[in-house]
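Work through the following exercises with the sequence and the model side by side. Each task is followed by a stepwise solution.

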Amino acid sequence: MTTSIVVGGTGYLGRAVAAHFVQRGDAVYVTGRDKAKAESVAAELGPAVRGLAVDLAEPDSIAAALADVTEVDNLVITASDPTPNTIADFSTAQAIRSITVKLVGYAETVRVLHPRFNPGAAVVLFGGLAKERPYAGSTMVTTFNGGISGLVKTLAHELAPHRVNALHPAIVGDSPKWAPVPVEQQPGALRTPIGRLINTSEVVGAVDFLLSNGGVNAIDLHLDGGFLITN
């Protein structure tokens, strides 16, 4: 049986990815900072799912938190702390937390699980389009998503022949935050060449592509409907 792990699987996109793994028959682990929530989401997803408490903001705790994971075929890390931060009103504590979660926490998670990778195991790290298109308050989000681009390259080199890729989604139009908003009021939707924002199933499909296509390695996949070619 394929074993798939979604770190950040209690969040909206992470849960959607985990649900896809469940539907195809994988043994699945989902993680979140809160143990009760992780276990609750796991129970809702199905009997083949286990919930674990993993806090990427505390990287020294990750090894113990993942001790029960014995093998890995697919590792997807979606966790993030996108709390707004600007240079004008800069919080160093928040900046350190954000970077720790996204870069140190991601790297430590891969390090801990790498010895348990099965021969064809692959990794997908989530970044975001803010690395190319900053917005108000995205100082650290833009920075750590840019860092993901560097991280996948060094990991793909160090973990070879295991593949490591990054997925950078744009705003997801059918997410709980944006689904209630009319398309003409969704940021950038009408300027995007496809005439709308991307959707959840497209994010899940992109993850599946990056995990399953053996020729794709060390890339940044921008999932944006062509938004980056607009002004």
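**Exercise 1: a threonine side chain**

In this predicted model, a polar atom of the Thr 109 side chain lies 2.8 Å from the backbone oxygen of Gly 105. Task: determine where Thr 109 is placed, whether it is buried or exposed, and which residues it touches beyond four places in sequence.

Solution.
1. Locate the residue: Thr 109 belongs to helix H4.
2. Check accessibility. The relative accessible area of Thr 109 is 0%, and buried means under 20%, so Thr 109 is buried.
3. List the contacts. With residues up to four places away left out, Thr 109 touches Val 7, Leu 56, Ile 62, Leu 66 and Ile 77.

**Exercise 2: the pair H4 and H5**

Task: describe how the axes of H4 and H5 are arranged, and state which residues make the contact.

Solution.
1. Helix H4 covers residues 92–113; its axis and that of H5 come within 10 Å and cross at roughly 15°.
2. Angles under 35 degrees count as roughly parallel, and H4 and H5 are therefore roughly parallel to each other.
3. The handedness of the H4 and H5 crossing is right-handed.
4. From H4, the contact is made by Ala 95, Ser 98, Ile 99, Lys 102, Leu 103, Tyr 106, Ala 107 and Val 110; from H5, by Met 140, Thr 143, Phe 144, Asn 145, Gly 147, Ile 148, Leu 151 and Leu 155.
5. Sorted by class, the contact of H4 with H5 has 11 nonpolar, 4 polar and 1 charged residues.

**Exercise 3: the pair H1 and H2**

Task: carry out the analysis for H1 and H2, giving the crossing angle of their axes and the classes of the residues in contact.

Solution.
1. The axes of helix H1 (residues 12–23) and helix H2 (residues 35–45) come within 10 Å, crossing at roughly 40°.
2. H1 and H2 are therefore oblique to each other.
3. The crossing of H1 past H2 is right-handed.
4. H1 contributes Arg 15, Ala 18, Ala 19 and Val 22 to the contact, while H2 contributes Val 41, Glu 44 and Leu 45.
5. By class, this contact of H1 with H2 has 5 nonpolar, no polar and 2 charged residues.

**Exercise 4: backbone exceptions in loops**

Most residues other than glycine have a negative phi, and most peptide bonds are trans. Task: find which residues a cis peptide bond joins, and state what is notable about the phi of Ala 218.

Solution.
1. Ala 160 and Pro 161 are joined by a cis peptide bond, with omega about 15°.
2. Pro 161 sits in the loop between helix H5 (139–158) and strand E6 (163–169).
3. Ala 218 is a residue other than glycine with a positive phi, near 60°.
4. Ala 218 is placed in the loop between helix H6 (200–212) and strand E7 (220–223).
5. Its relative accessibility is 27%, so Ala 218 counts as partly exposed.

**Exercise 5: two alanines**

Task: for Ala 189 and Ala 64, decide in each case: buried or exposed?

Solution.
1. Ala 189 lies in the loop between E6 and H6. With a relative accessible area of 0%, Ala 189 is buried.
2. Contacts of Ala 189, apart from neighbours within four places in sequence, are with Val 183, Gly 195, Arg 196 and Leu 197.
3. The C-alpha atoms of Ala 189 and Gly 225 are separated by 9.2 Å, and the two residues are 36 residues apart along the chain.
4. Ala 64 is part of helix H3 (residues 62–65). At 63% relative accessibility, Ala 64 counts as exposed.
5. Ala 64 and Val 112, 48 residues apart in sequence, are 9.3 Å apart from C-alpha to C-alpha.

Definitions and conventions. Residues are numbered from 1 along each chain as its sequence is written. This is a predicted model: local features need pLDDT of at least 70, side-chain atom pairs count only at pLDDT 80 or more; totals for chains, interfaces and linings use all residues. Side-chain values use heavy atoms; hydrogens and water are left out. Helices (H or I, at least four residues) and strands (E, at least two) are DSSP runs, numbered from the N terminus. Buried means under 20% relative accessible area, exposed over 50%, partly exposed in between (1.4 Å probe, protein chains only). Axes are lines fitted to C-alpha atoms, for helices over the stretch in contact, and angles run from 0 to 180 degrees between N-to-C directions. Angles under 35 degrees count as roughly parallel, over 145 as roughly antiparallel, 65 to 115 as roughly perpendicular and the rest as oblique. A crossing is left-handed if the near helix is turned anticlockwise from the far one by less than a right angle, and right-handed if clockwise. Contact means heavy atoms within 4.5 Å. Ala, Val, Leu, Ile, Met, Phe, Trp, Tyr, Cys and Pro count as nonpolar, Asp, Glu, Lys and Arg as charged, and the others, Gly among them, as polar. A polar contact is a pair of N or O atoms within 3.5 Å; within protein, one must be able to donate a hydrogen and the other to accept it, and residues adjacent in sequence count only if both atoms are side-chain atoms.
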